[in-house]
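Me: I'm just getting started with protein structures, and I'd like to look closely at one part of this one. Could you walk me through it slowly?

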Amino acid sequence: MHGAPALPEGFAHLPYADPDSPKGGRLTLGEVGGFDSLNPWIVKGRAPWAIRSLSFETLLGRNWDEPFALYGLLAETVETPEDRTWVEFKLRPEARFSDGSPVTAEDVIWSMEVLAEKGLPGFRSSWKKVAKAEDLGGGRIRFTFNAPDREMPLILGLRPIMQKAWFEGRDFGDTILEPMVTSGPYIAADLEPGRYVTFRKNPDWWGADLPFNAGRWNFEEIRHEWYKDAAGVWEAFKAGQVDMFRDGDPGRWQDGYDFAAARDGRVRKAEIPHGRPSGMTGFVFNMRRAPFDDRRVRLALAHAFDFEWINKTMNRGGYARIESFFGGSPLGHAGKAEGREREILAPFAAELPEGALEAAMEWPASDGSGRNRRNLRKAKKLLESAGFKVVDGVLTSAEGEPFRFEILLGGGAWEAAAATFVDGLRPLGIEARIRTVDSAQFQARVNEYDYDMVVRTWAMSLSPGNEQRFYWDGAGRTQPGTRNYAGIDSPAVDAAIDALLAAREREGFEAAARALDRALTWEVQAIPLWHAPASRIAVWEGYSWPEKLPLYGDWTGWLPDVWRAAPAE
């Protein structure tokens with residue numbers, strides 16, 4: 001995206017992959033919730049996330065040891081001018097689907113068009129920037145753009161390519177449970193909706209000998225099994241039914257591994273560091289609904305949330321608070337906005353919250369005693385300024401309506417934090433209720449923004465780009481299925497994204513990202529929860545990974561991509 005790729009032409013393998021890794025074996029992973037579709041590219045239904053990388057391939061593949069650099073996968077070559085007004089891909093002649101048929105230019109163009117027409121909203125918004133798609137013959141496809149956007153060649157390079165012929169007589173927008181003909185290393189060989197799916201290595205996979213794939217996709221089978229909640233996955237892991245467990249409970253990490261397999265070494269623990277931004281996980285306000293359309297109200301509730309007490313009692317202090325969307329990285333805002341960052345935001349100074357350009361956002365902090373009185377007093381003043389007053393112990397609006405709202409959850413993971421938050425609101429006269437629903441109902445309600453408050457996560461990379469429009473574009477206030485969960489509509493955010501996408505050098509790019517981070521964070525669209533600078537995993541014996549870890553740690557591209565079913569020599 002910025003500068004030159006780190007790997008030279010003719011590289012032998014990705015830096016974090018071991019080309020000598022043994023092949024074979026089976027890996028079983030646990031998931032929460034369920035699935036009712038094998039099409040992960042549409043709004044309807046819920047598909048296994050893993051199928052995206054296990055079964056589908058893209059024109060270019062990502063090296064997760066760089067912020068954002070792509071190398072040839074289905075495409076043998078890629079060409080684009082300095083201004084990136086067009087991009088041309090040339091397909092590898094050996095690229096094949098799982099039925100043995102070649103991947104063609106027709107498949108590529110059809111995939112792009114059908115994703116834009118019937119796929120997730122993010123596909124549609126970026127495809128609007130394509131003025132023309134041409135089959136130039138000889139496996140060459142050129143896309144010409146109608147708007148300046150330096151990320152577009154990379155975005156199209158990461159679009160999944162599907163077989164047009166397989167969808168003849170089928171509606172791409174419908175959920176399916178029949179395994180598709182795809183070009184990736186694995187085929188969905190066995191499944192029971194909502195319970196399990198087994199991906200089996202395609203013995204005739206065309207890409208096995210590509211340097212990009214050396215040391216990757218080592219397992220013969222990868223099986224995903226679904227459980228009602230994280231507690232079910234944990235019990236299955238202890239019983240040896242699941243091979244790996246990501247542990248998000250610091251207390252359990254400290255003293256919860258007192259079972260036979262962990263004591264005798266058959267189960268080991270590992271902390272996997274990463275260099276990616278914290279992202280944002282938090283209690284998200286639906287700003288489409290009153291009273292959360294008032295920043296004073298949102299800030300008041302942020303004061304009522306006692307992070308220090310919750311982190312101490314629930315997490316044993318084992319996590320750090322999320323400070324901003326790109327916190328913990330060079331993309332996170334800090335101190336006063338200066339230079340290019342200030343230049344981007346200055347035209348919107350009157351619309352930004354007071355002080356946004358002069359300091360970093362500082363979230364309310366307590367003394368950790370559990371009383372939180374000082375912050376509750378501040379919350380009360382903010383609510384009074386927004387027209388609320390307490391009547392017979394109930395916080396009431398100027399119209400006489402009691403302040404009541406619902407926190408929507410899709411499982412038990414955040415129930416304890418939500419319950420403590422609810423308790424902390426009672427002294428203000430606010431009645432909050434927790435509603436936990438099954439995964440299908442949760443996803444349906446999130447897609448339609450049918451909630452007052454919800455716990456959601458925005459995972460952020462070191463190279464944010466067009467996906468930020470999918471997250472924050474004002475159209476997401478009404479358009480179903482976007483990640484604009486809060487319903488933000490901000491000219492300052494839009495300007496920061498424009499600057500982000502137009503930046504040619506890393507310095508200007510980082511300034512634009514900091515401007516975006518500042519505008520998003522100061523809006524108080526979510527009450528931040530916590531994150532860990534390293535991921536904690538537990539794994540049964542017989543599995544290992546290369547010593548070199550990618551820049552993004554255990555994110556996409558590491559598990560199961562470069563794992564192997566035998567210990568390292």
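Me: How many cavities of 30 Å³ or more does the count come to? Please take a close look at what lines the space in there, and then go on to the rest.

Reply: Sure, let's dig in. Keep in mind that this is a predicted model. The count comes to 1 cavity of 30 Å³ or more. Rolling a probe the size of a water molecule over the atoms shows where empty space is left. For the largest cavity, that space is about 60 Å³.

Now for the walls. The lining of the largest cavity is made up of Leu38, Ile51, Ser55, Phe56, Pro179, Met180, Thr182, Tyr186, Ile187 and Ala188. Sort those residues by class and you get 8 nonpolar and 2 polar, with no charged ones. Strand β10, which covers residues 186–192, gives the most to this lining, with 3 residues.

Next, try the second largest pocket. It holds about 880 Å³ of space, and 34 residues line it. If you want to find its centre on screen, look for Pro5, Leu70, Tyr71, Gly72 and Val78, the lining residues that lie nearest to it. Several elements give two or more residues to this lining: β4 (70–72), β5 (75–79), β6 (86–91) and α4 (152–157). The largest share comes from β5, with 4 residues. By class, the lining of this pocket has 21 nonpolar, 7 polar and 6 charged residues, whereas the lining of the largest cavity has no charged residues.

Finally, let's move from empty space to a strand. Strand β24 (residues 534–540) is largely enclosed by the rest of the structure, because 7 of its 7 residues are buried. In a regular strand the side chains alternate between the two faces of the sheet. You can check both faces of β24 here: Ala534, Arg536, Ala538 and Trp540 are buried on one side, and Ser535, Ile537 and Val539 are buried on the other.

So who are the neighbours of this strand? β24 pairs in the antiparallel sense with strand β13 (residues 244–246) over 3 bridges. Within that pairing, Phe245 has Ala538 of β24 as its bridge partner. Strand β14 (residues 267–273) also pairs with β24 in the antiparallel sense, over 7 bridges. There, Arg268 stands opposite Val539 in β24. Try finding Ala538 and Val539 on your screen: both are buried, on opposite faces of β24.

Conventions:
Residues are numbered from 1 along each chain as its sequence is written. This is a predicted model: local features need pLDDT of at least 70, side-chain atom pairs count only at pLDDT 80 or more; totals for chains, interfaces and linings use all residues. Side-chain values use heavy atoms; hydrogens and water are left out. On a 1 Å grid over the protein atoms alone, a cavity is a set of points where a 1.4 Å probe fits but cannot get out, and a pocket is an open set with protein on both sides within 12 Å along at least five of seven lines; lining residues have an atom within 4 Å of a point. Grid points are joined across faces, edges and corners, and a volume is the space filled by probe spheres set on the points. Ala, Val, Leu, Ile, Met, Phe, Trp, Tyr, Cys and Pro count as nonpolar, Asp, Glu, Lys and Arg as charged, and the others, Gly among them, as polar. Buried means under 20% relative accessible area, exposed over 50%, partly exposed in between (1.4 Å probe, protein chains only). Two strands pair if DSSP finds at least two bridges between them.
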